[in-house]
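User: I have a model open and would like to learn how to read a few of its features. Could you take me through them?

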Amino acid sequence: MATATLTIDLDAIAANWRALDRMSDPTTQTAAVVKADAYGLGSKRVVRALAEAGARRFFVAVAEEGAAVRQALGPGPQINVLGGHMAGDTEMIHDLDLTPMLNSVEQITRHLESLPGHPFGIQLDTGMNRLGLEAPEWEAVAPLVLEQGPELVMSHLACADEPDHPMNAAQLAEFHAMTDGIGVPRSLAATGGILLGPEFHFELTRPGVGLYGGRPHGDARPVVGLALPIIQVREIAPGEIVGYSCGYTATQPRLIATVAAGYADGLTRRYSNQATLWDGDVPCPIVGRVSMDLITVDVSHLHNLPRTLDILGPMQGVDDLADIAGTIGYEVLTSLGHRYTRRYVSAATHGQV
Ligand SMILES: *Cc1c(COP(=O)(O)O)cnc(C)c1O
């Protein structure tokens with residue numbers, strides 16, 4: 001079979017959630033952010049594992065993602081929609097019992113008029129300038145909104161991955177100024193905010209990337225493995241080239257393996273001549289260009305040819321790949337393609353599930 005295998009360790013996701021949960025006071029609820037199909041790992045399996053670990057509130061980006069999470073979890077757990085209540089979402093929000101985080105006066109009006117009495121939360125902008133009501137808008141509508149009993153008031157930090165950035169304290173102060181005394185549960189921290197310390201935790205935290213093994217949750221257990229099958233191996237002589245645009249020229253005799261995955265599978269062309277695949281703990285450099293479906297690798301030094309080579313695994317995590325590509329672990333995860341054979345692993349279900 002020439003499709004690569006993406007292994008997703010559900011126990012590691014659960015352990016990462018528990019570890020992040022332990023970082024805040026027991027009275028602080030730890031939610032789980034599962035937007036973008038649980039950061040590309042498959043929200044159906046991931047949310048069930050998280051619910052089993054104890055998560056009771058889930059955040060998605062848009063209502064359609066919330067529908068998938070509701071189908072996976074059934075009634076009970078709360079599902080918050082960060083994009084709020086958009087025109088056309090009313091039925092879905094009602095039927096699937098989603099909680100929109102209302103971002104604007106327009107959304108507040110839409111929600112209170114179309115679904116009076118239906119749960120909602122409020123998103124405030126404390127300086128990121130992306131989503132949420134700004135201070136003067138909030139001041140104008142707060143009395144009316146608070147009368148309707150929002151479940152949660154939240155804001156989002158722009159620079160939480162940089163603990164010393166002055167923006168963190170500035171946004172914390174602004175959040176206090178906008179919300180002190182309202183008597184509604186509050187949330188400011190995602191993964192980075194949890195690590196900033198207890199004054200950022202409030203009543204609810206919202207970790208995402210830290211669940212999936214990414215920075216800035218440095219102690220996270222790795223979650224994903226990606227093994228690429230070798231399709232063919234050939235010897236090349238000095239002076240021969242490999243791949244598109246003659247991206248590599250051999251200076252010595254080399255043994256080149258061609259593996260089955262490429263940029264169509266989320267393995268960016270930036271890995272060309274840069275990234276490394278692994279046979280266990282033995283590095284095998286990518287030589288030449290990454291193409292759509294194939295990558296060429298120097299395996300001259302291997303004594304026994306394996307069936308597969310790892311691009312994600314114990315020797316190389318999502319952040320290592322991100323550093324090579326000049327991006328972040330979030331993008332590596334959410335770029336993982338749809339052609340992989342996905343294997344969800346969990347000890348509770350005796351290995352492969
Ligand atoms: C994505 C997101 C999160 C989760 O952030 P991580 O850095 O992945 O922990 C939390 N809150 C909001 C508003 C988000 O957009």
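User: Which residues of α8 are buried?

Analyst: Happy to help. First, this is a predicted model, where local features need pLDDT of at least 70 and side-chain atom pairs count only at pLDDT 80 or more, while totals for chains, interfaces and linings use all residues. Residues are numbered from 1 along each chain as its sequence is written, and side-chain values use heavy atoms, with hydrogens and water left out. Buried means under 20% relative accessible area, exposed over 50%, and partly exposed in between (1.4 Å probe, protein chains only). In α8, the buried residues are Asn-168, Gln-171, Leu-172, Phe-175, Met-178 and Thr-179.

User: Why do the buried residues of α8 line one face of the helix?

Analyst: The general idea is that an α-helix has 3.6 residues a turn, so residues three or four places apart point the same way. Here, looking down the axis of α8, the buried residues fall within an arc of 135° (taken from the directions from the helix axis to the C-beta atoms), so they line one face. The face turned away from that buried side carries the exposed residues Pro-166 and Ala-177.

User: What covers the buried residues of α8?

Analyst: Look for contacts, meaning heavy atoms within 4.5 Å. The cover includes helices α7 (135–147) and α9 (191–196), along with strands β8 (153–154) and β9 (186–187). Helices (H or I, at least four residues) and strands (E, at least two) are DSSP runs, numbered from the N terminus.

User: Where does Ser-155 lie, and is Ser-155 buried or exposed?

Analyst: Ser-155 sits in the loop between β8 and α8. Its relative accessibility is 1%, so Ser-155 counts as buried. Beyond neighbours within four places in sequence, Ser-155 is in contact with residues including Phe-175 and Arg-206. The side chain of Ser-155 also reaches the backbone oxygen of Leu-124 at 2.8 Å.

User: Which residues surround the ligand most closely?

Analyst: A residue is near a molecule if one of its heavy atoms lies within 4 Å of it. There are 14 residues around the ligand, and the closest are Lys-35, Tyr-39, Thr-191, Val-209 and Tyr-330. For polar contacts with the ligand, look for a pair of N or O atoms within 3.5 Å. A polar side-chain atom of Thr-191 lies 2.5 Å from an oxygen atom of the ligand. An N or O atom in the side chain of Arg-206 is 3.0 Å from a ligand nitrogen atom, and for His-156 the corresponding distance to a nitrogen atom of the ligand is 3.4 Å.

Methods: Polar contact = N/O pair within 3.5 Å; in protein donor to acceptor, adjacent residues only side chain to side chain.
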